[in-house]
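Q: Please take a close look at one part of this model, and then connect that part to the rest of the chain. A careful account that explains its terms would suit me best.

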Amino acid sequence: MGHHHDHGDGHGHHHHGKGASKRALLVSFIIITLFLIVEVIGGFITNSLALLSDAGHMLSDASALLLSLVAIHIAARPPTAKRTFGMHRFEILAALINGVTLVVISLFIFWEGYQRLFDPPQVASGKMIIIATIGLLANIAAAFVLMRGDYKDNVNVRSAFLHVLGDLLGSVGAIVGGILMWSFGWYIADPLISIVVAVLIMLSAWRVTKESVNILLESTPSRIDSTQVENRLKRLSGVTMVHDLHIWTVTSGFDSLTCHLIVEDGLPSYPVLNEALELLQREFGITHATIQIENSSVLHEELTCQSSSNEHNHKDERHSCGDHAH
């Protein structure tokens with residue numbers, strides 16, 4: 001039985017929706033960039049922090065959308081001998097950068113809003129309402145376009161969508177603040193609305209940043225219970241033990257698994273392998289799996305992942321380290 005190193009063929013490398021995602025990001029980038037100019041000018045004219053914070057967030061939106069576009073373009077490059085998974089992870093890096101940027105912007109808005117609470121300046125509320133309404137319409141259009149892309153299955157597109165959604169909330173807040181100031185002269189509404197929007201942006205940023213970090217740390221995908229996967233594999237006919245089980249996400253929609261299955265001596269390995277691959281795809285949606293079939297002749301005390309070159313040059317091809325399958 002020696003050294004079986006088998007893959008499922010249904011790799012399904014998440015190419016679905018890439019074209020839609022790219023178009024959605026490009027159209028959204030154009031919309032946001034055009035109205036960003038309007039809001040920046042309007043923010044200075046009206047002296048509104050809520051409007052300026054919304055404009056600052058819109059600038060971050062434009063940067064995030066551009067970064068996401070670049071990420072999709074780079075991730076489409078084919079694998080090489082040096083980067084066997086290609087550049088897929090660049091999408092996750094882009095999502096992480098977007099999330100961290102959101103955190104920084106929200107902290108800045110929060111600080112500026114806090115300072116203005118003690119001495120709220122006058123704001124040209126009428127013009128502020130008009131400009132914020134234009135910004136709101138722009139964000140609604142961009143959000144709608146992104147939702148028609150690969151929003152559910154792509155963390156990169158989702159991070160860009162959260163940028164736009166946070167900006168949409170900022171526009172709503174600016175409109176509400178403008179109405180309060182125009183009707184009652186409550187200029188304190190401007191910094192208060194800014195602080196509320198900053199908190200909402202922070203919550204969105206935390207979610208996408210956490211998901212990106214988990215992927216980069218090769219954590220088990222949140223939708224998959226690794227213990228359940230192990231138990232299901234153990235229940236396969238002829239399987240006596242499962243070890244060195246690893247499940248991780250390469251990029252959005254591309255989950256991978258490696259493991260060692262110990263089977264009864266004398267049992268043909270390929271029927272067990274095919275059953276395991278079918279089970280993983282059917283019950284857990286994992287189509288990229290590397291499974292090593294072993295029996296009692298394999299020395300398990302050697303499976304300690306010692307990184308010495310001698311272990312990896314054995315002539316008997318046992319390869320003591322389970323992680324070589326990655």
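A: The answer below begins with the whole chain, turns to a helix and its surroundings, and then follows several further residues.

This is a predicted model, in which local features need pLDDT of at least 70 and side-chain atom pairs count only at pLDDT 80 or more, while totals for chains, interfaces and linings use all residues. Residues are numbered from 1 along each chain as its sequence is written, and side-chain values use heavy atoms, with hydrogens and water left out.

The protein chain holds eight helices and four strands, where helices (H or I, at least four residues) and strands (E, at least two) are DSSP runs numbered from the N terminus. Read from the N terminus on, these elements follow the order β-α-α-α-α-α-α-α-β-β-α-β. Of the 326 residues in the protein chain, 48% count as buried, a term that means under 20% relative accessible area, with exposed meaning over 50% and partly exposed in between (1.4 Å probe, protein chains only). Among contacts between residues at least 6 apart in sequence, 75% join residues at least 24 apart, contact being heavy atoms within 4.5 Å.

The part chosen for the close look is helix α7, which spans residues 226-234. Just ahead of it runs the loop between α6 (189-216) and α7, and in that loop sits E218. Although E218 is a residue other than glycine, its phi is positive, near 60°; with 40% relative accessibility, E218 counts as partly exposed. At the start of α7, a side-chain oxygen of D225 comes to within 3.0 Å of the backbone nitrogen of T227. Within the helix, V229, R232 and L233 are buried. Seen down the axis of α7, the buried residues fall within an arc of 100°, so they line one face of the helix; the arc is that of the directions from the helix axis to the C-beta atoms. As for what this face meets, the buried residues of α7 pack against β2, β3 (254-263) and α8 (269-284).

Those partners deserve a look of their own. Strand β2 covers residues 239-251 and includes D244, another residue other than glycine with a positive phi, here near 50°. D244 counts as partly exposed, because its relative accessibility is 25%. In the loop between β2 and β3 lies S252, which is buried, with a relative accessible area of 6%. S252 and V155 are separated by 97 residues in sequence, yet their C-alpha atoms are 5.9 Å apart in space. In strand β3 one finds H260, buried with a relative accessible area of 2%. The side chain of H260 makes a polar contact with the side chain of E294, at 2.4 Å; such a contact is a pair of N or O atoms within 3.5 Å, where within protein one must be able to donate a hydrogen and the other to accept it, and residues adjacent in sequence count only if both atoms are side-chain atoms.

Other helices can be followed in a similar way. Helix α5 (residues 155-184) contains I179, which is partly exposed, with a relative accessible area of 41%. I179 and M128 lie 51 residues apart in sequence, while the distance between their C-alpha atoms is 9.0 Å. N139, in helix α4 (residues 125-147), is buried, with a relative accessible area of 0%. Leaving aside neighbours within four places in sequence, N139 is in contact with I32, M58, D61, V164, D167, L168 and S171.

Helix α2 offers a last comparison. Two packed helices are described by the angle between their axes and the distance between the axes. The axes of α2 (residues 49-75) and α3 (residues 89-117) come within 9 Å and cross at roughly 175°, which makes α2 roughly antiparallel to α3. Axes here are lines fitted to C-alpha atoms, for helices over the stretch in contact, and angles run from 0 to 180 degrees between N-to-C directions; those under 35 degrees count as roughly parallel, over 145 as roughly antiparallel, 65 to 115 as roughly perpendicular and the rest as oblique. L52 belongs to helix α2 and, at 25% relative accessibility, counts as partly exposed. Neighbours within four places in sequence aside, L52 is in contact with V40, G43 and F44; of these, V40 is 12 residues from L52 in sequence and 6.5 Å from L52 in space, C-alpha to C-alpha.
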